[in-house]
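Work through the exercises below with the sequence and the model open. Each task is followed by a solution in steps.

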Amino acid sequence: ISVSDGPPTHRWKTLQSTGSTNIPSLVHSKAKEAPRRAAERTRNFIILDSELPVLCVDTTAPLSKELRQKYNVRSMPIRKDDEVQITRGQYKSQQLAKVISVYRKRWVIYVERVQREKANGTTVPVGISASKVEISKLKLDKDRRAILERKDRSKKRTDKGKITEEEAMAAE
């Protein structure tokens, strides 16, 4: 397809869809538009590595009193296979429930036995905010233990990176 010198009869690609500040490019057919659109949609759903710590902070829940005393840590990021107790809202209960999945992009967690029925009769899990639950049992692994060590409040670090006078004299 060629572009004539006359008035444009084709569509202009908008700046909003690309996020670009360049001059809008011409889109001559749907064949050229489709791959770009698919790539843009894919880019929307990719979570950048730099965003992940922010999302983890938003999916953090307080620990139960027993775990708080044991580890001297107030809260932890929730992960799959933790056991939680729902403390607020419609689904509040005294029972422990296992976390099925953590949807960090939506800032919700999905828990066993917390479902609702749709109009067509199928059941779907209900997303619960991480701040409305309390972690009662942690699934521990190497990385999780490292987080607990780092966040332990009983280890007072008042001399963070500071060198005493004796160490300075010894170094000279």
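**Exercise 1.** Classify Asp81 by its relative accessible area, then find its salt-bridge partner and place both residues in the chain.

Solution. Step 1: Asp81 has a relative accessible area of 30%. Buried means under 20%, exposed means over 50%, and partly exposed lies in between, with a 1.4 Å probe and protein chains only. Asp81 is therefore partly exposed.

Step 2: The side chain of Asp81 forms a salt bridge with that of Lys139, at 3.5 Å from N to O. The term requires a side-chain nitrogen of Lys or Arg within 4 Å of a carboxyl oxygen of Asp or Glu.

Step 3: Asp81 sits in the loop between β4 (75-77) and β5, while Lys139 sits in the loop between β9 (133-137) and α5 (142-151); the two are 58 residues apart. Helices (H or I, at least four residues) and strands (E, at least two) are DSSP runs, numbered from the N terminus.

Step 4: Lys139 is partly exposed, at 36% relative accessibility.

The model is predicted: local features need pLDDT of at least 70, side-chain atom pairs count only at pLDDT 80 or more, and totals for chains, interfaces and linings use all residues. Residues are numbered from 1 along each chain as its sequence is written, and side-chain values use heavy atoms, leaving out hydrogens and water.

**Exercise 2.** Is Asp82 buried or exposed, and which parts does its salt bridge with Arg144 tie together?

Solution. Step 1: With a relative accessible area of 0%, Asp82 is buried. Step 2: The side chains of Asp82 and Arg144 meet at 2.9 Å, N to O. Step 3: Arg144 belongs to helix α5 and Asp82 to the loop between β4 and β5, so the salt bridge connects parts 62 residues apart in sequence. Step 4: Arg144 is buried too, at a relative accessible area of 4%.

**Exercise 3.** How many salt bridges does the rule give, and how accessible are the partners Arg113 and Glu112?

Solution. Step 1: The count is four. Step 2: One of them joins the side chains of Arg113 and Glu112, at 3.6 Å from N to O. Step 3: Arg113 is exposed at 55% relative accessibility, whereas Glu112 is partly exposed at 31%.

**Exercise 4.** Trace the strand pairing from β5 through β6 to β7.

Solution. Step 1: β5 (residues 83-86) and β6 (residues 97-103) run antiparallel, joined by two bridges; pairing requires that DSSP finds at least two bridges between the strands. Glu83 has Lys98 in β6 as its bridge partner.

Step 2: β6 also pairs with β7 (residues 108-117), antiparallel over four bridges. Here Tyr103 is partnered by Val108 in β7.

Step 3: β6 and β7 make a hairpin with four residues between them, and Trp107 in the turn has a positive phi of about 60°.
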